[in-house]
Amino acid sequence: MLKFIGSGSAFNTKLGNNSAYYKVGNQMLLIDCGSNIFHRIKENSILKGIEHIHVLVTHTHADHVGSLADLIFYSYYCHGEFAIPKVTVYYVDDVKINELLAINGIIPDIHCLTKKLHADTQYTLNFCKVLFEKSSHVEEIPSYSIEINIDNKHIYYTGDTNSLKSSLVNPESSKLYDYVYVDTCKADYDGNVHLSLRKLSELVRHELRSKFWCMHLDEGFERQEAEMFGFNVVTNEF
Ligand SMILES: [Zn+2]
């Protein structure tokens, strides 16, 4: 369903920072734009045929927004018609994206468009519906998961998190979801701000696992191990 430009954790340079995309005609949905994502977008010509990019920001860790400014400036100056904003940034009101853009020299409404959203409220974008929900990650900054309705599919995309809401793992309520993308790592220790594969296995019953997709993988993560447990693992796809 979603495609991934990168599927790794902050330090997994091989898989790249976790970032998903989905194209509808000449529009593209992009979830996060971490430090090495602009490079991957450009090197793999992902913007070919795209006239507008809708970026959903889960939170402001660098591996999720580190090259957002590069994408905005590139699309403004070098992609398609010169000096027209081609990125809209969607963020929840307590995510300090405006400060981030400001220190990068980006002027909203000139270089890009921004849309401040409220959590737990569904919004209709051009070609999909989104709803942001707070996730459990770090104390310093807020982090959000996103429910997305697109092409008649109901997707849940956890931002960085170390837990899953109960409706995702309840056999009845989980029927709502076609795809559940989950921040999953091999690292497993007290205080982990991500969700370990061990914990995911404890939370999700075997019969529900086929709709769960592991992403945001750390370097110790073993695809085969997750697949043996019955989970899917995303791959990068351009
Ligand atoms: Zn994070």
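Two residues are in contact when heavy atoms of theirs lie within 4.5 Å. Keep that cut-off handy for the tour below, and bear in mind that this is a predicted model.

**The whole chain**

Start with everything shown as a cartoon. You should be able to pick out seven helices and 14 strands. The C-alpha atoms fill a box of roughly 50 × 35 × 35 Å along the principal axes. Is that what a compact globule would give? What radius of gyration does the chain have, and what would a compact globule have? The chain comes to 17 Å, which agrees with the value near 18 Å for a compact globule of 238 residues.

Now colour by burial: 51% of the 238 residues are buried. Switch on the surface and you are looking at about 10800 Å² exposed, with carbon and sulfur atoms supplying 50% of it. For charges, select the 22 positive and 30 negative side chains; the centres of the two sets lie 5 Å apart. As for how the fold is tied together, take the contacts between residues at least 6 apart in sequence: 60% of them join residues at least 24 apart.

**Select 87-92**

This is strand S5, and six of its six residues are buried. Show the side chains and look at the strand edge-on. Val87, Val89 and Tyr91 sit on one side, while Thr88, Tyr90 and Val92 sit on the other. Both faces are covered.

Add residues 52-56, which are strand S4; S4 and S5 run parallel, joined by four bridges. Click on His54 and you'll find it opposite Thr88 of S5. Next add residues 113-117, strand S6, which also runs parallel to S5, with five bridges between the two. Here Tyr91 has Lys116 as its bridge partner.

**Two loop residues with positive phi**

Go to Ala83, in the loop between helix H3 (68-77) and S5. Ala83 is not a glycine, yet its phi is positive, about 60°. Is Ala83 buried, partly exposed or exposed? Its relative accessibility is 27%, so it counts as partly exposed.

Then jump to Asp109, in the loop between helix H4 (97-103) and S6. Asp109 is another non-glycine with a positive phi, this time about 75°. With a relative accessible area of 59%, Asp109 is exposed.

**Select Leu200**

Leu200 is in helix H6 (residues 197-203). At 1% relative accessibility, it counts as buried, the cut-off being under 20%. Which residues does Leu200 touch, beyond those up to four places away in sequence? Show Leu164, Val182, Thr184, Leu195, Phe212, Cys214 and Phe231.

**Finish at Cys214**

From Leu200, step across to Cys214: the two are 14 residues apart along the chain, and their C-alpha atoms are separated by 9.5 Å. Cys214 is in strand S13 (residues 212-215). It is buried, with a relative accessible area of 0%.

Measure from Cys214 to Thr184 in your viewer: 5.5 Å, C-alpha to C-alpha, for residues 30 apart in sequence. Leaving out neighbours within four places in sequence, the contacts of Cys214 are Val182, Thr184, Leu200, Phe221, Ala226, Phe231, Asn232, Val233 and Val234. Put both contact lists on screen together: Val182, Thr184 and Phe231 touch Leu200 and are in contact with Cys214 as well.

Definitions and conventions:
Residues numbered from 1 in each chain as written. Predicted model: local features only at pLDDT ≥ 70, side-chain atom pairs only at ≥ 80, totals over all residues. Heavy atoms only, no water. Rg over C-alpha atoms; globule rule 2.2 N^0.38 Å. Buried < 20%, exposed > 50% of the residue type's maximum accessible area, 1.4 Å probe, protein only. Areas by Shrake-Rupley, 256 points an atom, 1.4 Å probe, with all protein chains shown as cover. Lys, Arg positive; Asp, Glu negative; His and termini not counted. Charge placed at Lys NZ, Arg CZ, Asp CG, Glu CD. Pairing = 2+ DSSP bridges.
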